[in-house]
Every structure is written in C-alpha cells, then in structure tokens.
Amino acid sequence: MNITQSIKSTIKSLLPSSLSVCVRKIRGMQNRNQSSLIKAAANTHYYEGINKNSPCDDYVRQMNKIMSRMDVNVKGSYIYPFNTWYQRGMQEGRYTIASITVDYSTVLNSSLSKIITLLQGKDKAFRKNEEGMIRAIRELGQRIEVKLNAEGSKRAELLKSYFTHFLDAKPNSFDEALQKILFYNALFWQANHWHNGLGRLDLVLEEYYKADVEKGLLDRESAKQYLRDFVLILGSNTRQKSSVLIGDTGQYILLGGIDKEGNTIQNDLTEIFLEIFTELKRPDPKLILRVNKQTSTIIWAKAVDCILTGCGSPLMMNENLIMKRMQEFGYKKEDVWNIGTSACWEPLIIGKSFDQNNPLPNVVVLKALNKVLATDLKYDNMTSLLQDVKSQIAKEISAIVQDISFDPSPLYSLFFDSCIERGKDYTKGGADYAYHGLEVVSFPNLVNALLNIKTYVFDKQIVSMDECKKALHCNFEGYKDFRRLLKSNPLMFGSTESEVVALSNELMDFISQEVDKHTCNGQKMKVGFASSQYVSARKEVKASMDGRKDYEPFAVHISPLSQTIDIQEVLNFAGKLQYTGNRLNGNVVDVIVPSAYIKQKDKLCSIIQSAMTTGVYELQLNVLDAATLKDAKAHPEKYPNLVVRVWGFSAYFNDLPEAYKDNMIARAEANG
C-alpha cells in the first residue's frame, strides 16, 4: 500500500499517543476518503517491529495493546468488544488461521483461574504466552466493568455482574451464557483470524435454557428475543469480518445432529433459530443443519420455510454419511459425533481440529484439458486423451501442494483442552487434528467437455479434433451452431445416465489418488469438489469444450449446467457419486429452486428429506428470480435487502462485485 509522506506525518503526530484518540481523529478524516488508508498506516506504525523469531510473543504483545486501548460500547443489550479500527499485525510469509470452530461448551465452562493452575509445569514459553493472554482478557473485563458501572442502568448492572462472574466460572443463566459467548467470539475476531464458526448452539445452550425455564426465569418467547439480539450482534460487523467478498465471514450456527450418546438434537432452540433466520432474512451469520433419518418433520418444514425466504440458510449436511467417511479417513470414532465445518461446508471436529480447509490454490481441472488440447498431439480415441488429461491434472496438483507456515494463536489455545494438556500452541501440535485440504473447481465443466469430445469427435464423428481446437481458439466466433451443439448434449454433468456417473466417479477417484500422494506439514490431505473460486479462477481458462467462452465463470460446486436437469435428477446423480477416501473436504450440491416450489413446500421438503438421508453429502439451495436480479442490478436502491446465496455464504446482492451479479443472473435464467 502506498502511503503518502503527509499521511505518514499525520500518523506519527498521533502516535504513540492513545490509539483510541488516534482512531477518533481518523474517523474525523473520513470525509477526505482517507480513513481506511490512515487506519492501515496507523496499525502498521503502531505495531511495527514484529518479532519474526517469536510470533507467539508478538501475538500476545499486540493483543495486550489492542485490548488495553480499544473502545467498548456498553450501551447495547450485550457487550461485544470487537473494534473494527484495530487489527493485529502479522509476520509476512505466515498464513492466517482461516477457518475454526471453537467448542463453545468449553468456552462456557472455562475458568481463567483454573487454566492458570493447569498451566503449571507446562513448557515455559507456552505458559508465558497463555498467562499473557489471560492478563489481557482480565484487564479488558475490568475496563468493561468500570464502564458498565458508570452507565448505571439496570441492564448495565446485570451485565456487570456477568463480567464479574463468568471469567472464572460457568454462567448462571441463559442470558449470561449468551454474553460469555459474545465476549470471547469478539476477541477471536479481534485477533485478526477469520472464519469463526459458532458451532452447535442448540446443543450447547440447551441446559441453560431448560434450567431458566424450570426456574420460571425464561419462556420460549423471551429466549427468542435474547437470541434475536444475539444473532443481530453477530451480524453487525459483516463488512469488517469478511475475507474475500462482503458476507464471507464463516460465521455459522450449527443445528441438529446427534449428541455424544447418539440422540438427535431437536429442541426449542433448534426451532427458534430457524424461526429467527426466517423472520430476519439476513445473510450473516448463517445456519447449517445436520440431518439424519430421525430429524423430525417439524424441523424439515421449518428449514424449508427458511430456505424459501431466499436467505440461503440452512445448508444441510448428511451427517451419517459424513461421519462414516471421516472415521474411515482417520478421525476417531469417539469424536465424529461432534462434526462441524471449518467455514462454509468443509467438515472438521469441533473443538479438536486445526484443519484448514483451503490454504492452497484450487485445482482448476478444466485447465488440464485445455493444456492438452493446446498441444500438437493427435488423438484417435478417448482413452489416450483421457490419460493425458489425468497426467496433466496430476501435474496441477503437484504444483500447488506445499507445506505452510501458519500463524499461531495463543488465544485459541486457551479454549482447546488438548493445547493446555500438551502445553502446545493450537497450530503447533496442540490440536488433535491437522488435516488440511484443497478444493477442486470447474469439475462439472471438465466432465461436460470430455463427454462432448467423446460424443461428437470419437463416437458420432460429427467434428474433428482440429475443428474443436479452431473453435476454441476463435472463442466460438463463427461457430455458433457448434457451441449450441456442445451445450445440448444429453450426456451432461448432473444427469443420472450411467456414462455420466461413471466418468464423474472415475475422475473423482483419480484426483483423490493423486492428492493421496501428497502431504501438507507432514499430514495427509483432504480434497473437496465444492469450491468458492468458480468466478475468480475463471481467469485462468479460456474457451472450453463444455461451451464456455473465454473466461466465463465455472459451474458452481456439484450443480448441473443445463436447465433440462431438474432438482430431483441432480440429487439422484449426487447420491451416486463416491465420497470415499480423502474426498470429504466439502461436496455441496448447489441447486436453484424454481419459484413454483414456494407454493409446493411439502413436495420440496419430501425431495430434500429423501436426498439428505440417502447418498447426498451436502446441499444448499438458492431461490433466485432472474427478472428481480436484473432489476436489482439496474436499480440497486429498490433492493437494499435482497439476499442471495453466493458460495458457502449469503450476501446482499448489492454488495457483490459485478461479475458475481452477472453470474447470479445467468444462473437464474438458466434455471428459470
């Protein structure tokens, strides 16, 4: 970032005075459109001198400074100490922790005093950093208490009692439990990590809810109001929490699924969360629903009601299939009951995993075919062409796999029991699992391109390979009929025709085997066939034999590229795909729901329920109307609250870049 000398001088004149004073002055400069630049300069200047040899020490030093100076608003229903004007500086060359779900039952049961005791006898450097984090948390808590005392309201007095109590004890009420979750969640964000999941809140909060109801302190409606405020607070800083696109925060609340004893969770809180998201229709946070054959009709119906609002929640996970595959891969049988996701859809074990879902570049498999076609090699059969494409895919995978230097997290380490027990940082062997992963993008496009070559070049011999190459080179200019032919092949990804299913599984199996040949930081790797890069990675691939023109977006996750394949068929197709071995890093079927289903909720519910209790791995549904999206693009002021599902998250349509808006419109038109 280029920082002018005048801005540097401004920063130096403000620092090292109180950073809160600096922030107020910077905010006053917003009318000059320099606030973000000055903010970045302030952070860089204030946290200069990062100790590259002791990243944990530096992490604690910076967090102490931030937490001792940050301004905290105490006037709301809850205290959420996330100050968007601060960021923790990080050593260049380190990869930030991008996806994590802390076990909030551990957070709620945590006691800073008890952790101090447990740290005795542990590695000296580890103990020093954890104790430093605890001091910073205590100091922040004390500052908040002072501010609440000055506030003087009844609510402030109650919140003050919570802060006096919960740093060293389990909360005494549902209300206090929500406050403790929000307090620590804000600090996780403040540490400059991203994609912080909330996990299984209907399970975690159930004991507090039941206890307060039994005491007569709470009823269903008052709990719903508490949770509504809770959800709104979590979603209040979406822009600052987002990584790539606005809305991509990784903040998810997981509902349903079995508990440790194998009982399916479906309680008042499960229903309340679904109702709140249906009513609010906001993009952030998001819901994920674990389902099985015991999931009740009430939960299914409420989930469909929520989906049909267009908010994009919940994404659904076939937990029986996923738990089985995770156990086969190497996760312990006694742990898989507590699966969550790392951000969007990539499974991990809540409170035990350091798994990073996507720290490496995506494998753009369509690029492999285009590279093969760009050579002078002649092919007279499909077998030899497919073999060369596979060889090129293997090269693509080898080129991107590498070991990664991850950012440490003394803050997260406080809330992972294994870290405290072992005396190791969360990213340095403290977590039980560290199976990192990569994702495949353009897979449906590759399948369609290969099926087109097989059908029209080798089987029917309608066109030659040379003609195909010429059409691609010209970006289909002058080949309009040829392109139409490619797009009309009945053998398409998403079709249940045996040839389509067989080729898809053959390629998935090959990719899986190639990934198996590699490790990341000494651990075996996972691969997934759902990717967020279907728009951004398009820049790597020109026109292709699936009928794409130069640099057009790829297919989204496991989804068809033809409107002739309806929701029922693509779900049946997805149920025939194999997710064995390492193929468990996210396999999302992404389907646009035709508007007719809004009046056929029971039918949609039946279709989804059948699919999600058989062979489908994960499912997310989008409700899009092309006419509405076009009007929203032309007149954004008319649609300030229009929400769409993007990849593993939802966002306001107006917040999306033009390329994503156009992609949404094109998908809505294709599935209208």
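Two strands count as paired if DSSP finds at least two bridges between them. Keep that handy for the sheet below, and remember that this is a predicted model.

**Exercise 1.** Work out the strand order of the open sheet of 5 strands, and find which strands sit at its edges.

*Solution.* Start with the order: β3-β4-β5-β14-β13, with mixed pairing. Next, look for strands that pair on one side only: those are β3 (252–256) and β13 (588–592), the edge strands. Now zoom in on β5 (residues 315–318) and β14 (residues 618–622): they run antiparallel, joined by 2 bridges. Here Met 317 stands opposite Glu 618 in β14. Finally, add the helices. α14 packs on the sheet by touching β3 and β4 (286–291), with its direction at about 135° to that of β3. Helix α26 (residues 567–574) touches β13 and β14, and its direction makes about 175° with that of β13.

**Exercise 2.** Decide how α12 is oriented against α14.

*Solution.* First, get the geometry: the axes of α12 (residues 220–234) and α14 (residues 268–280) come within 10 Å and cross at roughly 55°. That angle makes α12 oblique to α14. The crossing is right-handed. Then check who meets whom: Leu 227 and Val 231 are among the α12 residues in the contact, and Ile 272 and Phe 273 are among those from α14. Sorted by type, the contact residues give 9 nonpolar, no polar and 7 charged.

**Exercise 3.** Do the same for α4 and α7.

*Solution.* The axes of α4 (residues 55–69) and α7 (residues 124–151) come within 9 Å, crossing at roughly 5°. Angles under 35 degrees count as roughly parallel, so α4 is roughly parallel to α7. Their contact residues divide into 9 nonpolar, 4 polar and 5 charged.

Terms used: Residues are numbered from 1 along each chain as its sequence is written. This is a predicted model: local features need pLDDT of at least 70, side-chain atom pairs count only at pLDDT 80 or more; totals for chains, interfaces and linings use all residues. Side-chain values use heavy atoms; hydrogens and water are left out. Axes are lines fitted to C-alpha atoms, for helices over the stretch in contact, and angles run from 0 to 180 degrees between N-to-C directions. Helices (H or I, at least four residues) and strands (E, at least two) are DSSP runs, numbered from the N terminus. Angles under 35 degrees count as roughly parallel, over 145 as roughly antiparallel, 65 to 115 as roughly perpendicular and the rest as oblique. Ala, Val, Leu, Ile, Met, Phe, Trp, Tyr, Cys and Pro count as nonpolar, Asp, Glu, Lys and Arg as charged, and the others, Gly among them, as polar. A crossing is left-handed if the near helix is turned anticlockwise from the far one by less than a right angle, and right-handed if clockwise. Contact means heavy atoms within 4.5 Å.
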